[in-house]
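Biologist: I would like a close look at a single part of this model. Start with one side chain, then work outward to its surroundings.

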Amino acid sequence: MITSFIPYPVLETEDLLIRVGIPEDDEMNLIIYTDPVITKYLGFSSDTTIDYIRERRENVHKGILDKKFIDWNIILKESNECIGGICIWNLDHFRNSGELGYKLYSKYHRRGYMTQALHAAIDYGFNVMGLSIIEAFTRCDNEPSIQLLLSNGFEPNGSIIEENTHTKEKEVLNIYQLRRSI
């Protein structure tokens with residue numbers, strides 16, 4: 001499994017540039033992280049600050065250098081606006097797997113952008129990183145996320161009860177799995 005991300009990979013789709021987060025994205029990331037639709041499912045606090053966003057970006061860069069995960073911002077080509085993020089994290093060398101995480105500003109939901117980003121990240125995970133399995137965990141009541149995963153070939157693989165790291169509340173997460181075709 002490849003975990004060195006230097007030089008940092010830039011992915012491209014028809015409408016999107018998927019690249020490392022930069023300071024110019026911070027203001028838009030603040031809007032995304034405080035979007036009520038995002039906070040509902042990911043548990044971020046609506047009182048998230050720009051300082052938190054900057055600190056998170058710096059921690060992400062450190063985690064990438066430490067080979068713990070890869071994390072991209074999703075940029076809309078037509079406006080050069082940051083509209084979301086996607087990552088592969090929780091890398092498991094024994095299982096040769098990684099977990100997919102994603103978020104998209106609700107203003108851009110149902111336009112096919114997350115499907116494009118998902119395809120690019122999955123392709124990178126399987127064909128560049130060499131992963132055999134990509135998993136995604138989503139709240140059992142997050143129907144749009146569940147449909148996104150199912151429509152992109154992920155299969156249900158159980159559920160877990162986990163404490164949300166932001167809200168500290170227990171929640172049921174469905175597990176979805178995609179295996180690399182041989």
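Which backbone oxygen does the side chain of threonine 39 reach?

Modeller: This is a predicted model, so read what follows as a description of a prediction. The side chain of threonine 39 reaches the backbone oxygen of proline 36, at 3.1 Å. Threonine 39 sits in helix α2, which spans residues 36-42. Its relative accessible area is 16%. The cut-off for buried is under 20%, so threonine 39 counts as buried.

Now the sheet. It is open and has 8 strands. Their order is β1-β2-β3-β4-β5-β6-β8-β7, and the pairing is mixed. β1 and β7 (155-163) are the edge strands, each pairing on one side only. Helix α5, residues 143-151, packs on this sheet. Helix α5 touches β5, β6 (133-139), β7 and β8 (170-179). The direction of α5 makes about 160° with that of β6.

Another helix, α1, covers residues 26-33. Helix α1 lies across β3, β4 (81-92) and β5 (97-104). Against β4, α1 runs at about 75°.

Take the β1 end in detail. Strand β1 is residues 11-12, and β2 is residues 16-19. These two strands run antiparallel, joined by 2 bridges. A hairpin of 3 residues links β1 to β2. Leucine 11 has isoleucine 18 of β2 as its bridge partner. Glutamate 12 stands opposite leucine 17 in β2.

Leucine 17 also looks the other way along the sheet order: isoleucine 75 in β3 stands opposite leucine 17. Strand β3 covers residues 70-76. It is joined to β2 by 4 bridges, and β2 and β3 run antiparallel. Leucine 17 thus has glutamate 12 opposite it and isoleucine 75 opposite it in β3.

Last, the interior. In soluble globular proteins, nonpolar side chains tend to be buried together. Here the largest nonpolar core has 50 residues. Trp72, Ile86, Leu100 and Phe154 have the most contacts inside that core. Helix α4, residues 113-127, supplies the largest share of the core, with 9 residues.

Methods:
Residues are numbered from 1 along each chain as its sequence is written. This is a predicted model: local features need pLDDT of at least 70, side-chain atom pairs count only at pLDDT 80 or more; totals for chains, interfaces and linings use all residues. Side-chain values use heavy atoms; hydrogens and water are left out. A nonpolar core is a set of buried Ala, Val, Leu, Ile, Met, Phe, Trp, Tyr and Cys residues joined through side-chain atoms within 4.5 Å. Buried means under 20% relative accessible area, exposed over 50%, partly exposed in between (1.4 Å probe, protein chains only). Two strands pair if DSSP finds at least two bridges between them. A polar contact is a pair of N or O atoms within 3.5 Å; within protein, one must be able to donate a hydrogen and the other to accept it, and residues adjacent in sequence count only if both atoms are side-chain atoms. Contact means heavy atoms within 4.5 Å. Axes are lines fitted to C-alpha atoms, for helices over the stretch in contact, and angles run from 0 to 180 degrees between N-to-C directions.
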